[in-house]
Amino acid sequence: MGKMTAVAGPVATLTTEPGEDAFRKLFRFYRQSRPGTGDLGGVIDFSAARGTGPSASKVVRSQLSVSSVSEHDAHRAGLQPVSKWRAYGLEGYPGFIFIPNPFLPGYQWHWVKQCLKLYSQKPNVCNLDKHMTEQETQDVWEQSKEFLRCKEMNKRQPRSLLEKLRWVTLGYHYNWDSKKYSADHYTPFPPDLAFLSEQVAAACGFQGFRAEAGILNYYRLDSTLGIHVDRSELDHSKPLLSFSFGQSAIFLLGGLKRDEAPTAMFMHSGDIMVMSGFSRLLNHAVPRVLPSPEGKGLPHCLDTPLPAVLPRGSVVEPCSMEDWQVCANYLKTARVNMTVRQVLATDQDFPSEHMEEKKRDITIGFCHLTDQDSRIKRARLNPDS
């Protein structure tokens with residue numbers, strides 16, 4: 001993919017800082033952007049037909065494999081029939097698929113509740129483990145629910161433990177220091193999330209996808225996700241799936257190098273992104289979470305309750321109004337993102353430590369240059385947020 005053309009509008013007037021690449025410049029611009037002004041005029045909005053914004057001319061329709069997912073299985077995961085989904089791609093980004101909210105009304109409640117109540121529990125790993133004992137982080141939800149249920153959003157109050165959550169890892173637990181997965185750091189992957197991921201992957205043409213690792217990012221309104229590439233999985237032929245819930249955010253999708261200006265797009269609650277093929281190893285980032293318009297606490301798609309009667313064999317579980325009150329108060333100033341990956345190819349094993357050491361000895365120069373060029377701190381949300 002060649003370099004993108006220069007971005008017009010307010011971005012063009014932004015002064016480039018010394019040593020700043022094209023991606024970092026746009027990241028900084030959107031980090032400082034002012035909602036409700038022309039600053040966001042260049043951001044693609046896929047929730048509108050074929051997208052809006054100056055870059056909308058790059059938006060193309062993506063074909064889905066409708067026959068790969070039965071209507072019953074889609075319903076079991078809380079999804080509309082695949083025939084009713086809208087899917088888009090972008091010229092110059094083969095393998096990138098954007099699906100604006102394909103969830104059935106009310107079913108996002110389940111996935112939000114799971115992220116906050118279930119997936120944050122032990123034995124899953126979270127950022128709080130570095131600073132607290134296992135006993136202190138045993139049940140983040142139980143320690144936070146009463147505080148959040150009664151929280152007054154307009155008053156400055158100490159944050160609950162749940163509001164201090166920044167990331168949780170599932171399945172094969174990602175090691176932030178070594179940037180690797182390993183066979184001996186694994187806990188069972190949540191079966192409901194695995195089923196949801198398998199249906200979405202199949203609809204996008206990836207039958208047989210196995211959900212083996214997940215990273216959940218918990219964003220506050222002042223959080224960002226730095227520029228990075230997800231390259232730690234051993235099998236890059238399988239897609240990376242991304243699910244967004246809560247407040248909207250700006251997502252930047254760049255190229256193989258950071259001197260290629262990225263394309264900006266909105267991610268709204270319920271939206272799904274799939275990065276596969278060429279797009280699987282592209283630079284990307286989240287420079288901004290957007291506060292809801294004045295007078296609106298939650299996106300309208302979260303207004304509808306989860307139905308009381310669920311389909312036979314549903315992986316979705318009932319959500320009480322008491323639980324949803326906690327979730328809703330949390331999401332008024334937050335966003336949750338789930339990314340799901342297949343780590344290993346079929347019949348593939350993790351390399352032995354000996355082979356890994358040998359590989360590092362051979363490639364250390366190349367790895368060092370890559371790190372220097374990208375300066376990636378993968379998925380560490382702003383610690384001060």
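Two residues are said to touch, or to be in contact, when heavy atoms of one lie within 4.5 Å of heavy atoms of the other. With that in hand, here is a tour of the model, which is a predicted one.

Start with the overall picture. The chain has 385 residues, and 53% of them are buried. Its secondary structure adds up to 7 helices and 13 strands. Looking at contacts between residues at least 6 apart in sequence, 78% turn out to link residues at least 24 apart. As for the outside, the chain exposes about 17500 Å², and 53% of that comes from carbon and sulfur atoms.

A good place to look inside is Thr-169, which sits in strand β5, the stretch covering residues 167-171. Thr-169 has a relative accessible area of 1%, so it counts as buried, the cut-off being under 20%. Its neighbours come from several parts of the sequence. Leaving aside residues up to four places away, Thr-169 touches Asn-124, Val-125, Tyr-174, Trp-176, Gly-214 and Ile-215. There is also a polar link: the side chains of Thr-169 and His-173 make a polar contact at 2.8 Å.

Next comes a pair of helices. Packed helices are described by the angle between their axes and by the distance between those axes. Here, helix α4 (residues 140-149) packs against helix α6 (residues 321-331) at an angle of about 75°, and the two axes are 9 Å apart. Because angles from 65 to 115 degrees count as roughly perpendicular, α4 is described as roughly perpendicular to α6. On the α4 side, the contact is made by Trp-141, Lys-145, Leu-148 and Arg-149. On the α6 side, the residues are Glu-322, Asp-323, Gln-325, Val-326, Cys-327, Asn-329 and Tyr-330. Sorted by class, the contact between α4 and α6 has 5 nonpolar, 2 polar and 4 charged residues.

The backbone has a few quirks too. Most peptide bonds are trans, and most residues other than glycine have a negative phi. Against that background, the peptide bond running from Lys-122 to Pro-123 is cis, with omega near 15°. Pro-123 belongs to the loop between α3 (108-118) and β4 (125-126).

Positive phi values turn up at Lys-179 and Asp-347. Lys-179 is not a glycine, yet its phi is positive, at about 60°. This residue lies in the loop that runs between β5 and α5 (191-203), and Lys-179 is partly exposed, with a relative accessibility of 34%. Asp-347, again not a glycine, has a positive phi of about 65°. Its loop is the one between β13 (334-341) and α7 (353-374). With a relative accessible area of 78%, Asp-347 is exposed, since the cut-off for that is over 50%.

Finally, there is a meeting of residues from distant parts of the sequence. Thr-304 is located in the loop between β12 (284-289) and α6. Thr-304 and Gly-106 are 198 residues apart along the chain, but their C-alpha atoms are separated by 4.9 Å. Besides Gly-106, Thr-304 touches Pro-105 and Trp-109, with residues up to four places away in sequence not counted. At 36% relative accessibility, Thr-304 is partly exposed.

Conventions:
Residues numbered from 1 in each chain as written. Predicted model: local features only at pLDDT ≥ 70, side-chain atom pairs only at ≥ 80, totals over all residues. Heavy atoms only, no water. Helix = DSSP H or I, 4+ residues; strand = E, 2+ residues; numbered from the N terminus. Buried < 20%, exposed > 50% of the residue type's maximum accessible area, 1.4 Å probe, protein only. Areas by Shrake-Rupley, 256 points an atom, 1.4 Å probe, with all protein chains shown as cover. Polar contact = N/O pair within 3.5 Å; in protein donor to acceptor, adjacent residues only side chain to side chain. Axes fitted to C-alpha atoms, helices over the stretch in contact; angles between N-to-C directions. Parallel < 35°, antiparallel > 145°, perpendicular 65-115°, else oblique. Nonpolar A, V, L, I, M, F, W, Y, C, P; charged D, E, K, R; others polar.
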